[in-house]
Amino acid sequence: MHLVALGAEHFRNLATFRLAPHRRFNILEGKNGQGKTNLLEAVFLLSAFRSFRDARNRELVSWSEEATTVYGEIVRRDIARTVEVTVSAKGKRVALDGKNITRLPDELAHLNVVLFGPDDLSLTKAGPQLRRRFIDRAAYAVWPDYVTGLRRYAEALKNRNELLRQAAAGGLDVGVIQAFEHALVQHGARVVQRRLQFLKSFQPHFDRVFDHITAGALKGGIAYRGFKGLSKDADLAALEAGYAQALDEARATDMRRGFTSVGPHSDDLLFHINKRSARVYASQGQHRAFVLALKIAELHRIHEAIGVYPVFLLDDVSSELDEERNAQLMSYLDQAGGQVFITTTDRRFIHVASDARVYRVADGVISAE
Amino acid sequence: MPLLPPALDKLATLLSRLPGVGKRSATRYAFHILGQPEEFARSLASALEELVTHVRFCVDCHALTEHEQCDICRDLSRDRTLVCVVETASDLVAVEQTGAFCGLYHVLHGVLAPLKGIGPGQLRLANLEARLAAVGAREVILATSTDVEGEATALYLAKRLAPLPLTVSRIATGVPMGGELEYLDQNTLSRALSGRRAFEG
Ligand SMILES: Nc1ncnc2c1ncn2[C@@H]1O[C@H](COP(=O)(O)OP(=O)(O)OP(=O)(O)O)[C@@H](O)[C@H]1O
Ligand SMILES: [Mg+2]
Ligand SMILES: [Zn+2]
């Protein structure tokens with residue numbers, strides 16, 4: 001899967017551009033603050049219809065403009081599709097193959113993108129939200145309909161939280177809260193089931209990569225932390241029962257606090273190195289190795305699921321990794337064979353054997369060398 | 001904003017409250033109406049007038065009607081042992097058009113939606129149990145949509161009706177996720193109806 005055309009108008013600080021990206025490596029070189037990350041953000045927008053920086057719509061539009069349009073032409077197994085995303089303060093509009101789509105279809109997987117940026121370097125250290133996002137994005141790439149369950153879970157959750165607040169204010173309707181908890185349990189259990197399934201299928205890829213990166217010196221592990229008593233081999237019925245019970249036990253506290261404390265929205269991934277918590281004990285270099293293995297394993301897992309490599313966006317990570325990790329990453333990307341966009345302040349950080357095209361990014365102007 | 005004569009502006013403001021109509025198209029519609037022969041505006045006004053004076057909700061099932069009781073409730077050839085609960089009057093029309101259902105209806109005029117402040121008290125539910133007893137219903141089919149609110153509403157009703165001596169069933173989940181009845185093609189909808197299952201909740 002790769003982009004054969006990429007363009008944008010009025011996107012952030014970028015001057016209107018239209019590129020024919022290289023099938024393999026695209027190196028975006030430029031000084032700080034020139035627009036390199038903005039370009040990656042534009043590619044990401046074509047895939048997820050949102051920004052990876054959690055930017056609001058109007059932040060994506062050049063300061064002096066009203067709307068921005070990003071355009072891409074994607075080839076996957078000889079089939080070409082176009083996608084066009086228009087963003088203004090009022091909202092977003094998406095056109096696939098020239099046709100406007102009003103409601104996002106549940107199974108939209110026209111362009112798979114994996115991002116590896118500076119934020120990911122804290123994946124093993126920061127709060128659980130980043131880790132949930134990691135597993136959710138990866139699971140979504142593997143099972144596009146996963147997002148439907150997530151959305152429904154989120155909807156049921158918002159409703160239950162509202163009911164908790166109403167109940168605390170004296171408006172408890174047991175029948176209504178039971179009905180929404182039932183929805184919460186159904187969709188929540190399914191989300192957890194999918195995440196467990198994902199981890200099971202992800203683990204072998206991760207083990208192999210981590211073993212390679214650390215030259216067999218360390219053994220990494222990933223565990224899922226959910227409601228009390230959750231077993232990773234539980235079937236759907238057991239997950240539903242377990243989650244229902246956890247909600248039951250938390251209800252009084254939840255009512256006092258006005259929000260739901262248990263469920264996939266508060267679950268976490270626990271990373272281990274040699275059976276000890278990476279978050280607590282890992283060295284700087286071990287954190288880096290772990291994150292790198294997670295990202296490369298993600299590429300492999302998605303490749304296994306969809307038969308092609310996703311587009312890989314590498315934002316300024318090379319300068320953060322030491323030389324050895326950097327070389328390992330590049331050699332993986334070289335072998336994998338997917339399309340890669342790399343930003344850097346100095347191309348000498350990037351050693352790839354494959355063909356590469358270098359783009360200079362200066363004050364929003366992108367020019368091919 | 002250009003200055004419009006107050007009457008025109010008033011109409012545009014009212015039209016912009018219609019779903020999917022922004023202020024700009026509303027203003028365009030207002031100008032369009034003004035540009036038509038006067039007769040058009042007058043018949044539009046009287047149609048609206050008739051709508052609010054003649055159309056009301058059936059006292060029994062809350063469907064739209066011009067009488068106290070709707071045609072379906074008055075039709076003695078309909079199967080009174082079967083009652084289909086739908087969200088909206090247009091869902092009723094959708095089910096009716098399949099030709100696959102010959103029982104009675106009950107229109108909720110909404111679904112439970114805590115975030116929008118809609119609880120059981122905001123739905124047309126007050127007479128449901130009494131009515132089921134009065135018509136001698138033996139089965140209630142819950143045909144609310146299959147999104148989170150529709151599912152929760154179905155579950156709520158199933159629990160509430162459980163003590164009554166009748167079967168509560170749910171339309172088959174052949175209805176695509178998130179599907180609203182109104183937008184389903186008739187085949188899918190009649191399959192959903194005939195494939196309904198007794199409620200397990
Ligand atoms: N909506 C916008 N309109 C115009 N300029 C913007 C907008 N949003 C961001 N910018 C500017 O874009 C510039 C480049 O941002 P970007 O994050 O792409 O830089 P970068 O090349 O990745 O730099 P670094 O190497 O420091 O990461 C910033 O100076 C920022 O002020
Ligand atoms: Mg940057
Ligand atoms: Zn009626």
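**Briefing: a buried arginine, a zinc site and a chain interface**

In this predicted model, the side chain of Arg160(A) forms a polar contact with the side chain of Glu181(A) at 2.9 Å; a polar contact is a pair of N or O atoms within 3.5 Å, where within protein one must be able to donate a hydrogen and the other to accept it, and residues adjacent in sequence count only if both atoms are side-chain atoms. The zinc ion (ligand 3) is coordinated by four cysteine SG atoms of chain B, those of Cys58(B), Cys61(B), Cys70(B) and Cys73(B). Chain B and chain A together bury about 1500 Å².

Local features need pLDDT of at least 70 and side-chain atom pairs count only at pLDDT 80 or more, while totals for chains, interfaces and linings use all residues. Residues are numbered from 1 along each chain as its sequence is written, chains are lettered from A and ligands numbered from 1 in the order in which they are written, and side-chain values use heavy atoms, with hydrogens and water left out.

**Surroundings of Arg160(A)**

- Arg160(A) belongs to helix α4 (residues 146-168) of chain A; helices (H or I, at least four residues) and strands (E, at least two) are DSSP runs, numbered from the N terminus.
- Arg160(A) is buried because its relative accessible area is 0%; buried means under 20%, exposed over 50%, and partly exposed in between (1.4 Å probe, protein chains only).
- Beyond its neighbours within four places in sequence, Arg160(A) is in contact with Glu181(A), Leu184(A), Leu247(A), Arg251(A), Asp254(A) and Thr260(A), where contact means heavy atoms within 4.5 Å.

**Zinc site in chain B**

- The four SG donors lie at 2.2 to 2.4 Å from the zinc ion (ligand 3); donors are N, O and S atoms within 2.8 Å of the metal (3.2 Å for Na, K and Ca), and water is not among the atoms, so sites may look incomplete.
- The arrangement around the zinc ion (ligand 3) is tetrahedral because the four donor atoms subtend angles of 104 to 115 degrees, and four donors count as tetrahedral if all angles lie between 85 and 135 degrees.
- For four tetrahedral donors, the ideal angle at a metal is 109.5 degrees.
- Along the chain, the donors of the zinc ion (ligand 3) have the spacing C-x2-C-x8-C-x2-C.
- Cys61(B), in the loop between β1 (56-57) and β2 (64-65) of chain B, and Cys73(B), in helix α4 (residues 71-74) of chain B, are 12 residues apart and link distant parts of the chain.
- Cys61(B) counts as buried at 2% relative accessibility, and Cys73(B) counts as buried at 6%.

**Interface of chain B and chain A**

- At this interface, 15 residues of chain B are in contact with 19 residues of chain A.
- Carbon and sulfur atoms account for 68% of the buried area, which is the accessible area (1.4 Å probe) that two parts lose on being put together, summed over both.
- Two residue pairs are in polar contact across the interface, both at pLDDT 80 or more.
- There are zero salt bridges between chain B and chain A; a salt bridge is a side-chain nitrogen of Lys or Arg within 4 Å of a carboxyl oxygen of Asp or Glu.

**Further residues of chain A**

- Phe44(A) sits in helix α1 (residues 36-48) of chain A and counts as buried at 2% relative accessibility.
- Asp54(A), in the loop between α1 and α2 (57-60) of chain A, has a positive phi near 55 degrees and counts as exposed at 51% relative accessibility.
- Asn274(A), in the loop between β10 (268-273) and β11 (276-277) of chain A, has a positive phi near 45 degrees and is partly exposed at 41% relative accessible area.

Note on methods
Four donors count as tetrahedral if all angles lie between 85 and 135 degrees; four count as square planar and six as octahedral if opposite donors are over 155 degrees apart and all others between 65 and 115; anything else is irregular.
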